[in-house]
Amino acid sequence: MTCSSETVRGRNMSPEQVVLKIKSGPHAGRSFTFTGPDSLLLGRSSRAHVRIDGDQHISRNHCLIEVQPPKCHIVDLDSANGTYVNEERVADRWLNDGDTIRRGETQIAVHLENSVAVPRQSTVYRDGVC
């Protein structure tokens, strides 16, 4: 993984960079900075890049965040409790700067440097059906 868990407060971000900052939940305060293509698996599994044991609403392999600075895409991995972007349950979605990802008690702020907003096209769940 080519990300850094360095906190980026108080400095300017480089061109074409993605920063994911955990705002709440068991890992609040951690941040991940990506400057190249990568992925981030979140869940309770030992395979997860970010293992979230303290949040019972998280599946073993909950969601995958695919990073291609300055773009970022999230895919729910058929989790039991769903993945939400800006309070909307999604199966997959391109993310925009300022979006908030929520899974259980954990919220992640998305910061995309030098990005162009992408249309809000996503696979959205309606009444439990994708």
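Strands β4 and β6 pair in the antiparallel sense over five bridges; two strands count as paired if DSSP finds at least two bridges between them. Helices (H or I, at least four residues) and strands (E, at least two) are DSSP runs, numbered from the N terminus. This is a predicted model, in which local features need pLDDT of at least 70 and side-chain atom pairs count only at pLDDT 80 or more, while totals for chains, interfaces and linings use all residues. Residues are numbered from 1 along each chain as its sequence is written, and side-chain values use heavy atoms, with hydrogens and water left out.

**Confidence**

- The protein chain has a mean pLDDT of 83, and 77% of its residues reach 70 or more; pLDDT is the predictor's confidence in each residue, from 0 to 100.
- Over residues 1-14, pLDDT stays under 50, and the model has 30 contacts for them beyond four places in sequence. Contact means heavy atoms within 4.5 Å.
- Where pLDDT is low, the predicted coordinates should not be read in detail.

**Strand β4 and its partners**

- Five of the six residues of β4 are buried, which leaves the strand mostly covered. Buried means under 20% relative accessible area, exposed means over 50%, and partly exposed lies in between (1.4 Å probe, protein chains only).
- In the pairing with β6, Asp38 has Val67 as its bridge partner.
- β4 also pairs with strand β5 (residues 50-51), in the parallel sense and over two bridges. There, the bridge partner of Leu42 is Val50 in β5.

**Two leucines of β4**

- Leu42 is found in β4, which spans residues 38-43. Leu42 counts as buried because its relative accessibility is 0%.
- Beyond its neighbours within four places in sequence, Leu42 is in contact with nine residues listed here in full: Ala48, Val50, Ile52, Asn61, His62, Cys63, Ile65, Arg103 and Ile108.
- Leu42 and Arg103 are 61 residues apart along the chain, yet their C-alpha atoms are separated by 9.5 Å.
- Leu41 is found in β4 as well, and it counts as buried because its relative accessibility is 9%.
- The residues that Leu41 touches, not counting those up to four places away in sequence, include Arg47, His49, Leu64 and Leu77.
- The C-alpha atoms of Leu41 and Ile65 are separated by 6.5 Å, with their positions 24 residues apart along the chain counted as the separation.

**The hairpin of β2 and β3**

- Strand β2 (residues 17-24) runs antiparallel to β3, and four bridges join the two. Lys21 stands opposite Ser31 in β3.
- Six residues lie between the strands of this hairpin, in which Gly25 takes a positive phi near 105 degrees.
- From β3 (residues 31-34), Ser31 and Thr33 point one way, Phe32 and Phe34 point the other way, and all are buried.

**The nonpolar core**

- The largest nonpolar core has 22 residues, of which Leu20, Ile65 and Cys72 touch the most other members.
- At least two residues of this core come from each of β2, β3, β4, β6 (63-68), β7 (71-76) and β11 (106-113).
- A nonpolar core is a set of buried Ala, Val, Leu, Ile, Met, Phe, Trp, Tyr and Cys residues joined through side-chain atoms within 4.5 Å.
- Leaving aside neighbours within four places in sequence, the contacts of Leu20 include Phe32, Phe34, Leu40, Ile65, Cys72 and Ile108.

**A charge over a ring**

- The charged end of Arg102 sits over the ring of Tyr84, at 4.4 Å from its centre. The rule requires NZ of Lys or CZ of Arg within 6 Å of the ring centre and within 35 degrees of the ring normal.
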